[in-house]
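User: Could you take a close look at one part of this model for me? I would like to understand the charged side chains and what surrounds them.

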Amino acid sequence: MFELSVVYLAAAIIAVPIAKRLGLGSVLGYLLAGILIGPFFLSLVGDQTEVMHFAEFGVVMMLFLVGLELQPSRLWKLRRSIIGLGGLQLGLTTLVIFVVCFYIFLLSWQASLALGLMLALSSTAIVLQTLTEKGWIKQEAGQNSFSVLLFQDIAVIPILALLPLLALGDSNVINNTESLIDGFPLIFQVIFSVMVIASIVFFGKFIAGPVFRYIAETRLREIFTVFALFLVIAIALLMQKIGLSPALGTFLAGVVLAESEFRHELEADIEPFKGLLLGLFFITVGASIDFSLLLEYFLLVFTCVIALIIVKATVLFVLGNIFKLQGNQKLLFTLALAQGGEFAFVLLSLTGSLSILSSMQVHLTTLVVAISMLLAPILLLGYEFFEKRKQLVTDEFDSPDEIEATGNVIIAGYGRFGQVVGRLLKAQGYQLSILDHSPSQIEMVRRFGSKVYYGDAARFDLLAASGAAEAKLLVIAIDDPVKTLVIIELCQKYFPNLKLVARAIDRRHAYELMRLGIKCFRRETFDSATSLGIDALKLLGHSDTASQRAGELFRQHDEASLESLSHLWGDDQSYGVAIKQRLEDLAQVLEEDKKQQDKLNACKGEDCV
């Protein structure tokens, strides 16, 4: 067990960075790593079936994270592309492949239909991972690709139900999903499935929030992570036990939790596990390619691979025209989905057990799907090469999700200080992504209609999930001076284009901010204390003008002192002498200004020189 773990990890460590440096992308790196350790080359790993079943959980996690990016309202906006574009893609591709298999390869209609349904599916894992990695997921082609993939994932459920009806001969094999409700009448199965889905939605909307708040109050990050993993695994297991798609269940849970204040923290906690399992999945795909069978049937396999890509690309290109995708976006949409998908492996296993396809047909089709998946990142790499990495200026497919970072402002800490800044910015039309680490504070602020999300802004992954790479400004308004410095150092290292403004707790903290190069900061009590001092002067009998002038001179002198004495901070003796001198200078400045103002007042109404 440990030996295999070392092999998989070492292969990823070696192959993926090299692939990234060569501009090939991480997905292709994982696939090449799998080929390298597979039976054809180093033979460090054997049969990948069990490992792939485990690694497919990365796809489940990915769909959960995708769901977190979508509010139900935004999902409703995508209904045209999900149902229309997705339905037409699956239907037309299935029809074309059915005709080819039935009339050219002379297969039975059952086998032709099964192959059409399986090969019409594309790889959710490879497409979404690559589009996200390249920054294309938010473009028109990326959004349409996601819609098609979502429809395909939903379609897996009726396909699993249909395949046993296509079984040839005397087959007693039932759907190998081990559904707990297989023996019940169909109407009961439908009702029970709907009830399970409704319970997932209900739990996500009304129960998950209070539970997350309760766990967040413990301030134990690992418990929060454990509960997030438990939630995803439990939903996936429940859906699997009733014969439905685990990916669909977790996607629905993600959509429901997209409106939760814990969305960013969930995303940051699940992301590492998703990335690790998806990487393992890609490695197993590469390692499962049977090169001995490929060499034996080389011409047939590559003919089928090229035919599959051409058929799917043609259908996608036609649909791109029908749905009025423009130029580069149509090409990206076409190339992104022109491959087989991971769900084909699950369906192929079932078709073999049901005798719909022969053992040899299953092995050859598995080879075709695996090689097409291996070519998928290469097709997108070709698109990127011919476009010369130029920025595609296109309209978004739909308006941005209001939860999602919009490239404007992130506020870290939404207590009394952060709220004042946030209200001013929001009144000026800026869209805010707000993070706070206090569940009670979040709950209170949300009552007034503000969107605030739970999370520790000193974590790189959470800042990245909040959109720090695209945002214009980060307002650091937390009351922890040490954590403020950590956030600043993280941003300067990983998000150098992000402008920073900060809350300084006191003079000492202000000097530490200046040491890090922060120019724009405000001491939290200085301005309010200065204003109160002005009011005190008025109550003591000074005129409004004299009080305001004294307050302004004091503010200017103190800020100048802060700047000029910063280099002495840490040398207590020198700093003490310097600050005493500055105080004497301030008293002299105020006295001279008072004399000047008294002289001007005495001259009013008189001819003074």
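Analyst: Asp527 is partly exposed, because its relative accessible area of 29% lies between the limits for buried and exposed. This is a predicted model, so please read every value here as computed from it. The partner of Asp527 is Arg522, and the closest N and O atoms of this salt bridge are 3.9 Å apart. That is within the 4 Å limit used for a salt bridge. Arg522 is also partly exposed, at 46% relative accessibility. The pair does not stand alone: Arg522, Asp527, Glu552 and Arg555 are linked in a network of salt bridges. As background, side chains of opposite charge can pair when their charged atoms come close.

Let us stay in this stretch of the chain and turn to Glu524. Its side chain meets that of Arg503 in a salt bridge, with 2.6 Å from N to O. Glu524 sits in the loop between strand E6 (521-523) and helix H24 (526-539), while Arg503 belongs to strand E5 (residues 499-504), so the salt bridge ties together parts that are 21 residues apart in sequence. The two partners differ in cover: Glu524 is partly exposed, with a relative accessible area of 22%, whereas Arg503 counts as buried at 4%.

How many salt bridges are there by this rule? The count comes to seven. Another of them joins the side chains of Glu265 and Arg459, again with 2.6 Å from N to O. This pair links distant parts of the chain, 194 residues apart: Glu265 is in helix H13 (residues 263-287), and Arg459 is in the loop between strand E3 (452-454) and helix H21 (460-465). Both ends are buried, Glu265 with a relative accessible area of 3% and Arg459 with 8%.

Several of these places border on strands, and that brings us to the sheet. Six strands form an open sheet with parallel pairing, in the order E3-E2-E1-E4-E5-E6. Strands E3 and E6 are the edges, each pairing on one side only. On average, neighbouring strands of this sheet are turned by 15 degrees against each other, direction ignored. Further in, strand E1 (residues 409-412) pairs with strand E4 (residues 473-476) in the parallel sense over four bridges, and Val409 stands opposite Leu473 in E4. Helix H22 (residues 481-494) packs on the sheet, where it touches E4 and E5, and its direction makes about 165 degrees with that of E4.

For contrast, here are some nonpolar side chains. Val369, in helix H18 (residues 359-387), counts as buried because its relative accessibility is 0%. Leaving aside neighbours within four places in sequence, Val369 is in contact with Leu119, Gly340, Gly341, Ala344 and Phe345. Between Val369 and Gly340 the C-alpha to C-alpha distance is 4.8 Å, although they are 29 residues apart in sequence.

Leu92 has another setting: it lies in helix H6 and counts as partly exposed, at 35% relative accessibility. Leu92 is one of the residues that make a nonpolar surface patch of about 950 Å², together with others including Leu88, Leu95, Phe102 and Trp109. Helix H6 (residues 79-104) provides the largest share of that patch, with seven residues.

Note on methods: Residues numbered from 1 in each chain as written. Predicted model: local features only at pLDDT ≥ 70, side-chain atom pairs only at ≥ 80, totals over all residues. Heavy atoms only, no water. Patch = residues over 30% accessible without salt bridge, like charges linked within 9 Å, V, L, I, M, F, W, Y side chains within 5 Å. Areas by Shrake-Rupley, 256 points an atom, 1.4 Å probe, with all protein chains shown as cover. Helix = DSSP H or I, 4+ residues; strand = E, 2+ residues; numbered from the N terminus. Buried < 20%, exposed > 50% of the residue type's maximum accessible area, 1.4 Å probe, protein only. Pairing = 2+ DSSP bridges. Axes fitted to C-alpha atoms, helices over the stretch in contact; angles between N-to-C directions. Contact = heavy atoms within 4.5 Å.
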